Amino acid sequence: MSYYLYWGKAQPADGGDSCHLLPYHSLDVAAVGWLLLAPERPLTRLLAARLDLPSEGLRRFLVFLLGLHDLGKFARAFQGVARPQGGELVPPIERLAYTERHDRLGALLWQASWIEWLRDGTLRWPDCDLHRKTRQQLSETLRAVLAPMFGHHGQPVGAGRLELADFFGDDYSASDCEAARQFVADWATLLDPDWPVQHLVSPEWREAFLALSWTIAGWATLSDWLGSNRDHFEYRQDEMPLDDYWPLALKRAQLSLQQSGFADPPKPVAYTGLSHWFGGESVTPTPLQRKAETLTIGDGPQLFILEDVTGSGKTEAACILAQRLLAAGHGEGLYFALPTMATSNAMYQRLGNLHQRFYAAKSRPSFVLAHGARDLNDTFVNSVASEQPEDQDYAADDITATTYCNRWLADSRKKSLLADVGVGTIDQALMGLLPFRHQSLRLYGLARKVLIVDEVHAYDHYMQTLLQQLLTHHARQGGSAILLTATLPHGMREELAVAWRHGLGQPPASMREQAFPLLTRIDHDSVREVPLSTRPEVAREVGVHWLTTEEQAFETVMAAVEAGECVAWVRNTVDDAIRAFEQLRASHPDPERCLLFHSRFAMTDRQRIESDVIGRLGKASNPDQRRGQVLISTQVFQESLDCDVDYMVSDLAPIDLLIQRAGRLQRHTRGPRRQPLLAILAPEWSDTPDAQWLKRTLPGTQAVYRDTSLLWLTQRVLRELGAIRMPDEARTLIESVYGSVADLVPDGLLDARFEQHGMRRHAVSMAGFNALALEQGYLRHPEFDQWQEEQEIGTRLVDEPTVNVVLLKHREDGELTLWAEGQRHADMLSQVKLRQSQAEKLAGLSCDCQPQWEALQEQSKALCFTQPWLVEADTACTYDGGWGVVFSKDGNPR
């Protein structure tokens, strides 16, 4: 049977002739891969150096294997899935069911045929004598190098115990397998692969390949996606010799890469000073920025850890290092990873067009925002290209590459790591470590990126463990990284350094320096720790005043209001914030000058409140706007908004959070004000507290921060020092809480400390269990298969699942509608995220409303997998634009 009679892609939805024959699709994908592996590309040179192969030889070898990615489509079971109109095709075999994906069938056909193809010359294998032991080594290596190609649909596959006859048929197996063999033979003749025979029988070389196989799998997947785009690769139904079609495929591939942004990577330019970034304006670098300008950039992957106070210009210093790394050939792009969507939005706006200064004027670096609510960011939405039409699936669970590609191109969260410059949450990078479909694309996107992680101290033990594994892999792939922090414990800095050195194949290095601020650089050969000075204007002292009751806190806030000051009270729970807001609003002479800000607002109100807070308390606010303003907030205030207040009250929290909150106190230069003072609501001090020490004063806080020893140690060090002095006492503050202080913890708090240490060990263990064993390569391991679709694995380990709740209401005509009806993205703006136990308290939707709810879901995919809540029908809980979701017994608004 001629292999030209096998179809590879079809578009039945066209309603006419639309059949793309399998050989041509295979060459389309190979052509994209050929151009992506051009010898002059830095990633190609890196792969060639790591695999000890010439760049051109590596290219021919991998692209030949890539051309085999769809061998499974020669199975008659696949050929019977659809009967595209037009063209003479192989007849289907009705009894053969397409129950396994074609990628797995490709692995099956290779497993059954490779030895015969090697012996009969199909593979153009060099003449050499393969002994039994050598053949076993070769078999294992070929399985490893083919795995990224057959696993091009986003996860590795294996033949397992499948039987060839069940998919290729008994009677027709000879013709199907022979058709596949003929294609392989012609493809090998056309490309003339340069088989690295000696390497392929070397266990050491195989280990080197496995370490790089995730990046290669991402390259294969990207090639398949781009090579499946029918806008660039027209479907062909007539026979054409492969050597005639190959130049045509290359021409089309070049156009595809040009239009998708992969043809010509932007050209980095040398860093020439901050004034060049800001249009010639004279800018004096901070000490940290000056060191970033002058520090030697070494060879190979490098890790920088920047520790300095808020306002020291860490972001600009990171950008300076990033541009210098790009110009020195240590990367082709950047990814800024931040802890939250709000901080990602702020960084996206802050960078603006700055990233374009890193590249030549003619370059057009792509710039993408990546997180779940990126569609609500107008700046980003205006820059996103329009979607392409989707094609139909081969079968219910066999989504075509074009469909995946189009969804991905419209989904910035996946696209971000392939863009030249991406800004998003750390989650988008960590997903490359976990068994999510197409995670290899994220690792491919990161492979030659400078990874910048902001607020690296802000991640819990689960995420810290994942971050360490990401750093290890990133170093192994030849990338560089820059970590930013203001409050990093010494032990955490050592763990990050150990992870990086492990990726370089180097033993741990001693980290002795205790100075702050500090710039640390780690490369293959050395660790350099550079103490820094601080600009006088960002060095500050914030006094600490202790409050022991909520009534004292209330009186303190009202006294500041009467003095004409603006005040923030940062509470640790939403319920505590709502209660304080209720009391203060009732007593405030102008209740409209009271604001409540927490996480239990629908997105439409959260956006409105954020804008209101920035207007009243932001950098541009004036004295009239600020006078008497009171903001009652939870942690969201300290995390995202560039605002400042004259006076602040805070519930007791771990020291790093109090330092962060104090950073919002008199943050901007204004007129005469009192000395910065942070009033902390905490229990009466006790040298010998019992287990209920915190709960008696702040029960909600104990539910959030279960390791009460951290809060006791925080109170202890602040009582001793009397103030937060940055940067002079930064190390003392942090190490007095997170350092080797176990012997200082009172007996009454030891149970809570031991319990939380157990939870931390569990978190570390879960991160290790969930993360892919990247060092084992892109392979399916039957004895421990992590690629289970039904597993719920996340980048964050939470005590309780969260639920996206959609607020609904009735129009005047009685129709059910979204809470934010009439607004753009009303489906997302009407949602609020609640803990599962909270969502269970909400009234369910009545049966008579179900049809209208289902109709709303049909109109918007964003409403799928959400919980509807008709607010007006709930007698136990309520929602108000000024209060958020309120759980109360009577259900009446406050």
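The questions and answers below walk through selected helices, strands, loops and cysteines of a predicted model.

Q: How many residues of helix α21 are buried?
A: Helix α21 covers residues 461-476 and has 16 residues. One residue of this helix is T472, which counts as buried at 8% relative accessibility. For the helix as a whole, which is mostly covered, the number of buried residues is 14 of 16.

Q: What distance does α21 reach from its first C-alpha to its last?
A: With 16 residues and 1.5 Å a residue, a span of 22 Å is expected for this helix. The span in the model is close to that expectation, and its value is 23 Å.

Q: Which residue has a side-chain oxygen that reaches to the backbone nitrogen of Y462?
A: This contact belongs to the start of α21, and the two atoms lie within 3.2 Å of each other. The oxygen comes from a side chain, whereas the nitrogen of Y462 belongs to the backbone. The residue that supplies the oxygen is D460.

Q: Which residues are in contact with T472, leaving aside its neighbours within four places in sequence?
A: T472 lies in helix α21, and its relative accessibility of 8% is under the 20% limit, so T472 counts as buried. Once the neighbours within four places in sequence are set aside, the residues in contact with T472 are A499, H502 and G503.

Q: Is E455 buried or exposed?
A: E455 lies in the loop between β7 (449-453) and α21, and its phi is near 50°, a positive value in a residue other than glycine. Its relative accessible area is 18%, and since the limit for this class is under 20%, E455 is buried.

Q: What is the relative accessible area of R124?
A: R124 is found in the loop between α5 (102-119) and α6 (132-150). Although R124 is not a glycine, it has a positive phi of about 55°. R124 is partly exposed, and its relative accessible area is 38%.

Q: Where does P517, which a cis peptide bond joins to F516, lie?
A: The bond between F516 and P517 is cis, with an omega of about 0°. As for its place in the chain, P517 lies in the loop between α22 (490-503) and β9 (518-522).

Q: Which residues of β3 are buried on the side of F304?
A: Strand β3 spans residues 303-307, and five of its five residues are buried. In a regular strand the side chains alternate between the two faces of the sheet. Here L303, I305 and E307 are buried on one side, and on the other side the buried residues are F304 and L306.

Q: Which residue is the bridge partner of E307 in β9?
A: Strand β3 pairs with strand β8 (residues 480-485) in the parallel sense over five bridges, and in β8 the bridge partner of F304 is I482. Five bridges also join β3 to β9, and these two strands run antiparallel. In β9, the bridge partner of E307 is L518.

Q: Which strands stand at the edges of the open sheet of seven strands?
A: The seven strands follow the order β13-β14-β12-β15-β16-β11-β17, with mixed pairing. A strand at an edge has a single partner strand, so one side of it is left without a neighbour in the sheet. The strands placed in this way are β13 (594-597) and β17.

Q: At what angle does helix α28 run to β15?
A: Helix α28 comprises residues 655-662 and lies across several strands, including β11 (540-547) and β12 (567-570). Strand β15 (647-651) is also among the strands it lies across, and the helix runs to this strand at about 160°.

Q: How many disulfides does a search of the whole structure find?
A: A disulfide needs two cysteine sulfur atoms within 2.5 Å, and the sulfur of C847 is 9.4 Å from the closest cysteine sulfur, in C849, which is too far for a bond. C864 is in no disulfide either, with the nearest cysteine sulfur, that of C849, 18 Å away. For the whole structure, the number of disulfides found is zero.

Definitions and conventions
Residues are numbered from 1 along each chain as its sequence is written. This is a predicted model: local features need pLDDT of at least 70, side-chain atom pairs count only at pLDDT 80 or more; totals for chains, interfaces and linings use all residues. Side-chain values use heavy atoms; hydrogens and water are left out. Helices (H or I, at least four residues) and strands (E, at least two) are DSSP runs, numbered from the N terminus. The expected span of a helix is 1.5 Å times one less than its number of residues. Buried means under 20% relative accessible area, exposed over 50%, partly exposed in between (1.4 Å probe, protein chains only). A polar contact is a pair of N or O atoms within 3.5 Å; within protein, one must be able to donate a hydrogen and the other to accept it, and residues adjacent in sequence count only if both atoms are side-chain atoms. Two strands pair if DSSP finds at least two bridges between them. Contact means heavy atoms within 4.5 Å. Axes are lines fitted to C-alpha atoms, for helices over the stretch in contact, and angles run from 0 to 180 degrees between N-to-C directions.
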